[in-house]
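Got your viewer ready? Here's a short walk through the fold, one selection at a time.

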Amino acid sequence: MKAHNSNVMVIAIITVLFFFSLILNIFQYRGVSVFFCLKGTYCTDSDLPGGGEYLIFDDNGNYCRYIQTEGILENGTYVEAEENQFSLTSDSKKCSCMLLVKGGAYLFSENNTLIFYSRISNKIIFLGRAGEGPPTWSRLDSSK
């Protein structure tokens, strides 16, 4: 009878440890699989005020890349290719890829350059040159 009770106790302990391990694995997986929100404003680091390159994204698949002192470099659309990976296509049909990471994004352009953009806001910010308005899709356009 004692052998039977000890076997039941061992099975109960193993079952509890199994469920504890399962719950721990689920929490670890959720911590690794993180989705980031793309919408917002990103900027490359620059020593000169306004000298960095900016990327802005909305929720509807639009983006704009610009330099404050030079103006808009490109407008285009984006689609999510995979988790936190995006495919960007400019209005002039240039393609590039972007990887969203904690604190920013890496842009892989079609000329094989890699640029890191720090996330500066979860809102769309357009700091264009005087006389140049934001993209019409940005809802910052006052002509609507």
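**First stop: a loop residue**

Select Asn-84: its relative accessibility is 7%, so this residue counts as buried, the cut-off being under 20%. Asn-84 sits in the loop between β4 (71-82) and β5 (85-90). Before going further, keep in mind that this is a predicted model. Now add Ala-105 and draw a C-alpha to C-alpha distance: Asn-84 and Ala-105 are 9.4 Å apart in space, with their positions 21 residues apart in sequence.

**Into the core**

Next, bring up Leu-38, Tyr-42, Phe-57, Leu-88 and Met-98. These have the most contacts inside the largest nonpolar core, a set of 13 residues. Colour β2 (53-57), β5, β6 (95-101) and β7 (104-108) as well, since you're looking at the elements that give two or more residues to this core. A second, separate core has eight residues, among them Tyr-54, Ile-56, Cys-64 and Ile-124. In soluble globular proteins, nonpolar side chains tend to be buried together.

Stay on Phe-57 for a moment. Leaving out residues up to four places away in sequence, Phe-57 touches partners including Leu-38, Tyr-42, Leu-88 and Met-98. Ile-124, a member of the second core, is also on the contact list of Phe-57.

**Rings**

Now show the aromatics. Tyr-42, Phe-57, Tyr-63, Tyr-78 and Phe-86 form one aromatic cluster. How many aromatic pairs does a search of the whole structure find? There are seven. For one ring pair, pick Tyr-66 and Phe-126: the ring centres are 4.7 Å apart and the planes are at 45 degrees, so this pair is tilted. It links distant parts of the chain, with Tyr-66 in strand β3 (residues 62-67) and Phe-126 in the segment after β8, 60 residues apart. Tyr-66 counts as buried at 0% relative accessibility, and Phe-126 counts as buried at 15%.

**Over to β8**

Select Ser-118, in strand β8 (residues 114-121). Is Ser-118 buried or exposed? Buried, because its relative accessibility is 17%. Beyond residues up to four places away in sequence, Ser-118 touches Thr-41, Tyr-42, Cys-43, Asp-45, Gly-103 and Gly-104. Tyr-42 is the one you met in the aromatic cluster.

**Last stop: the pocket**

Finish with a surface view. The largest pocket has a volume of about 180 Å³. To find the spot, select residues of its lining, including Glu-53, Arg-65, Glu-74, Lys-94, Cys-95, Leu-107, Asn-111 and Ile-115. Coloured by type, the lining divides into five charged, four polar and three nonpolar residues.

How values were computed
Residues numbered from 1 in each chain as written. Predicted model: local features only at pLDDT ≥ 70, side-chain atom pairs only at ≥ 80, totals over all residues. Heavy atoms only, no water. Helix = DSSP H or I, 4+ residues; strand = E, 2+ residues; numbered from the N terminus. Buried < 20%, exposed > 50% of the residue type's maximum accessible area, 1.4 Å probe, protein only. Contact = heavy atoms within 4.5 Å. Phe/Tyr/Trp six-rings, centres within 6.5 Å; stacked < 30°, edge-to-face > 60°. 1 Å grid on protein atoms, 1.4 Å probe; cavity = no way out; pocket = protein on both sides within 12 Å on 5 of 7 lines; lining within 4 Å. Points joined across faces, edges and corners; volume = space filled by probe spheres on them. Nonpolar A, V, L, I, M, F, W, Y, C, P; charged D, E, K, R; others polar. Core = buried A, V, L, I, M, F, W, Y, C linked by side-chain atoms within 4.5 Å.
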